[in-house]
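Here is a protein to explore piece by piece. Take a look at the sequence and the 3D picture, and keep both at hand while you read.

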Amino acid sequence: MPIDSKDVTWVQEPEIGFWEATFLPAIVEGLRTTMRHVTHYQPTTEQYPEEKPELPLHYKGVHRLNRDDQGRVKCVACMMCATACPANCITITAEKAPPEWPDRDKFPMEFILDELRCIYCGMCEEACPCDAIELTHLYDMTGQSREEMTFNKEKMLAIFDATKDSGKDPVRTHRGRLSGTSDFTNLPTLGPATSVPADDRSAKAPTAGVIHGTAVMETAWEQVADKIEDKRSAGGN
Ligand code: SF4
Ligand code: SF4
């Protein structure tokens, strides 16, 4: 359907006067800005890594897999995150849940996430119906090979262990009770995504899971590596 002419806003081309046509005012203004920076020099260099940057509260760093209140992996292997992931970097091998886990049908036997392929969009976190996968404030976990940056279930659970009590990465994707492993029974079950109440994810108190305080992570790869080692020695998740 053609656009109605009354819906069109016509913009008049501004007339350029003599001085604008010479570009001198623009040049003078540019020089003024340059001189202002020269005379009011304010360094903005961050002395990383001696000084850690203050990250915004919504910063999306490497992932973790959350545990439920019994210490089990919260993930129910529903594949929602892998389906939502635009970078196709999540691979889950689902297994039938053991009989002593009556609250779920499946669990992830393996959960692989390629952190080098990830674009840190947070879609997996948004898609997860039971708050099992979250992006943390850890930004400086590096590796010397692709294998080291391909995180498996144990590594992501260890990141949860290392970050959950840091005060900077509380469990925060609380979107209501959507599965047997969801913590939150008082919130309404979500309908279509468009009907999510505006304040559903923006609770007011720290206990409700919103990040409070300065989002600085004095990382921590050693800390996480130690946790993985502890888990391996203890023999399981
Ligand atoms: S943050 Fe985005 S790209 Fe990375 S795993 Fe999640 S959905 Fe995929
Ligand atoms: S969406 Fe959540 S529960 Fe489903 S497979 Fe991904 S992490 Fe697991």
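This report goes from the overall layout to the sheet, the core, the two ligands and a few odd spots in the backbone.

## The overall layout

First things first: what you are looking at is a predicted model. The protein has 237 residues, and 22% of them count as buried. Its secondary structure adds up to six helices and five strands. If you walk along the chain from the N terminus, you meet these elements in the order α-α-β-α-β-β-α-β-β-α-α.

How much of the contact list comes from residues that sit far apart in the sequence? Take the contacts with a separation of 6 or more: residues 24 or more positions apart account for 74% of them.

## A three-stranded sheet

Now find the open sheet, where three strands line up as β2-β3-β5 with antiparallel pairing. Strands β2 and β5 (150-151) are at the edges, and each has a single partner strand, so one side of each has no neighbour in the sheet.

You can check the pairing strand by strand. Seven bridges link β2 and β3, in the antiparallel sense; Thr 91, for instance, has Ile 112 in β3 as its bridge partner. The antiparallel pairing of β3 and β5 runs over two bridges. There, Leu 113 has Phe 151 of β5 as its bridge partner.

## Two helices, two settings

Is helix α5 enclosed or open to the outside? Nine of its eleven residues are buried, so the rest of the structure largely encloses it. The buried ones are Lys 153, Lys 155, Met 156, Leu 157, Ala 158, Ile 159, Phe 160, Ala 162 and Thr 163. So the list includes two lysines, Lys 153 and Lys 155, because being buried here is about having 20 or more other C-beta atoms within 10 Å.

Helix α2 is another story: it is hardly covered, with a buried count of zero among its 16 residues. You can also check its length. At 1.5 Å a residue, those 16 residues should span 22 Å, and the end C-alpha atoms are indeed 22 Å apart, which agrees.

## The nonpolar core

In soluble globular proteins, nonpolar side chains tend to be buried together. The largest nonpolar core here has 28 residues, and the members touching the most others are Leu 65, Cys 75, Ile 133, Met 156 and Ile 159. At least two core residues come from each of β2 (90-96), β3 (106-114) and α5. Helix α5 gives the largest share of this core, with six residues.

Let's zoom in on two of those members. Ile 159 is in helix α5 (residues 153-163), and it is buried, with 28 other C-beta atoms within 10 Å. Ile 159 is 93 residues away from Asn 66 in sequence, yet their C-alpha atoms are 8.8 Å apart in space. As for Ile 133, leaving aside its neighbours within four places in sequence, its contacts are His 63, Leu 65, Cys 75, Cys 81, Cys 124, Glu 125 and Cys 128.

## Around the two ligands

Ligand 1 has 14 residues around it, and the closest are Cys 85, Cys 118, Cys 121, Met 123 and Cys 124. This shell divides into 13 nonpolar residues, one polar and no charged.

Which residues are closest to ligand 2? They are Cys 75, Cys 78, Met 80, Cys 81 and Cys 128, out of 13 residues that surround ligand 2. The shell of ligand 2 has 13 nonpolar residues, with no polar and no charged ones.

## Odd spots in the backbone

Most residues other than glycine have a negative phi, and most peptide bonds are trans. Where does this model go its own way? One place is the bond between Tyr 48 and Pro 49, a cis peptide bond with omega of about 5 degrees. Pro 49 is in the loop between α2 (24-39) and β1 (63-65).

Two residues have a positive phi without being glycine. Phe 23, with phi near 65 degrees, is in the loop between α1 (18-22) and α2. Phe 23 counts as exposed, because it has 10 C-beta neighbours inside 10 Å. Met 79 has a phi of about 75 degrees and belongs to the loop between β1 and α3 (80-84). Met 79 is partly exposed, with 15 other C-beta atoms within 10 Å.

Terms used. Residues are numbered from 1 along each chain as its sequence is written. Chains are lettered from A and ligands numbered from 1 in the order in which they are written. This is a predicted model: local features need pLDDT of at least 70, side-chain atom pairs count only at pLDDT 80 or more; totals for chains, interfaces and linings use all residues. A residue is near a molecule or strand if its C-beta atom, placed from the backbone, lies within 6 Å of it. Ala, Val, Leu, Ile, Met, Phe, Trp, Tyr, Cys and Pro count as nonpolar, Asp, Glu, Lys and Arg as charged, and the others, Gly among them, as polar. Helices (H or I, at least four residues) and strands (E, at least two) are DSSP runs, numbered from the N terminus. A residue is buried if 20 or more other C-beta atoms lie within 10 Å of its own, exposed if 12 or fewer, and partly exposed in between; C-beta atoms are placed from the backbone. The expected span of a helix is 1.5 Å times one less than its number of residues. A nonpolar core is a set of buried Ala, Val, Leu, Ile, Met, Phe, Trp, Tyr and Cys residues joined through C-beta atoms within 7 Å. Two residues are in contact if their C-beta atoms, placed from the backbone, lie within 7 Å. Two strands pair if DSSP finds at least two bridges between them.
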